[in-house]
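Please open the model in your viewer and get your selection tool ready. We will go from stop to stop, and at each one you will hear what to select and what to look for.

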Amino acid sequence: MWKIVAASVAGTGHDRAGNQDAVGFVPDDGVGELVRVAVADGHGAAMYERSARGARMAVEAALADPLGSAADASLQGMMRGALLRWEEAVDADLRANPHEMERDVYGTTLLVVSADATTVACAQLGDCQVLTVDGAGKVTSPIPDDPRLTGNLTTSLTGAYPIGNTRYARLAADGIRLLLVCTDGYENSFADQRSFFQAASDFADIIDRHGLGVVRKELRGWLVETMSGGSGDDTTVALVIKGHD
């Protein structure tokens, strides 16, 4: 059984209004033998003036497929379907609210993670991140790095060859204690990779010691504190936890 806890907070380090991140999951209560979570980070620069909408549409598109086995799912097919639904939603929005830059103004990243009893499947386009924590507290980053993602540069749903730029990972669920799925506002709030990885391990330890209730209550406040002392960017975290009350 998997359980999901998620929160998203607007950044303080920029002068635009509103949170450009989005997060969602299925089932709606975040509890099940099969779950899926999606996070998206709208680009947010002035030229991407509808990126918050683009991020919400990306999450909705990623969650629209009926839940099926993560072991049997085609990761490329899952991402291709999400991209097609996102493009349809954006085009419908453009017909209702025309814009000379068309799809570009909706620019966003997207990370989708599906988990069942045997398998965790991940598909990532852009600079979001997923970490796994095992029973011994070891933290890993299962999706291959993309050396092009430096500074503020990222691949995107509006970029060239989005399917070709998507990175994938399929993992055995056995031994995974927790998945941390986040936008780069959270990762960039840490001084280095070691500190970021330690945060994922700390979440697992807090849940083991104090239960999920504490995390549900405190997660948003923790994100505000981490972001305010770190990146100042919109910050989103979803925790996918195995077998906890």
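This tour visits strands, cores, a pair of helices and one serine in what is a predicted model.

**Stop 1: strand S11**

Start by selecting residues 235-242, which form strand S11. Is this strand largely enclosed or not? 7 of its 8 residues are buried, so the rest of the structure largely encloses S11.

Now add residues 2-9, strand S1. S1 and S11 run antiparallel and are joined by 8 bridges. To see one pairing, show tryptophan 2 and look across to lysine 242 in S11, which stands opposite.

Next, bring in strand S10, residues 176-182. S10 is antiparallel to S11 as well, with 5 bridges joining them. Pick cysteine 182 here, and you will find valine 237 of S11 as its bridge partner. While you have side chains switched on, keep in mind that in a regular strand they alternate between the two faces of the sheet.

**Stop 2: the nonpolar cores**

Select Ala38, Met79, Trp86, Tyr106, Leu110, Val112 and Leu157. These are the residues with the most contacts inside the largest nonpolar core, which has 29 residues. Colour the elements that give two or more residues to this core, including strand S4 (35-41), helix H1 (51-62), helix H2 (75-96) and strand S5 (110-115). Which element gives the largest share of the core? That is H2, with 8 residues.

Zoom in on leucine 110. Beyond residues up to four places away in sequence, leucine 110 touches a list of residues that includes Ala38, Ala58, Met79, Ala123 and Leu157.

Apart from this core lies another, of 25 residues. Val5, Val9, Tyr186 and Val215 are among them.

**Stop 3: helices H4 and H5**

Show H4 together with helix H5, residues 212-228. Their axes come within 8 Å and cross at roughly 140 degrees, which makes H4 oblique to H5. To view the contact, select Phe203, Ile206, Ile207 and His210 on H4, then Leu212, Val214, Val215, Leu219 and Trp222 on H5.

**Stop 4: serine 189**

Finish in the loop between helix H3 (184-187) and helix H4 (193-210), where serine 189 lies. Is serine 189 buried or exposed? Its relative accessibility is 13%, so serine 189 counts as buried, the cut-off being under 20%. Its side chain reaches the backbone oxygen of glycine 185 at 2.8 Å. Leaving aside neighbours within four places in sequence, serine 189 is in contact with Thr226, Met227, Gly230 and Ser231.

Key
Residues are numbered from 1 along each chain as its sequence is written. This is a predicted model: local features need pLDDT of at least 70, side-chain atom pairs count only at pLDDT 80 or more; totals for chains, interfaces and linings use all residues. Side-chain values use heavy atoms; hydrogens and water are left out. Helices (H or I, at least four residues) and strands (E, at least two) are DSSP runs, numbered from the N terminus. Buried means under 20% relative accessible area, exposed over 50%, partly exposed in between (1.4 Å probe, protein chains only). A polar contact is a pair of N or O atoms within 3.5 Å; within protein, one must be able to donate a hydrogen and the other to accept it, and residues adjacent in sequence count only if both atoms are side-chain atoms. Contact means heavy atoms within 4.5 Å. Two strands pair if DSSP finds at least two bridges between them. A nonpolar core is a set of buried Ala, Val, Leu, Ile, Met, Phe, Trp, Tyr and Cys residues joined through side-chain atoms within 4.5 Å. Axes are lines fitted to C-alpha atoms, for helices over the stretch in contact, and angles run from 0 to 180 degrees between N-to-C directions. Angles under 35 degrees count as roughly parallel, over 145 as roughly antiparallel, 65 to 115 as roughly perpendicular and the rest as oblique.
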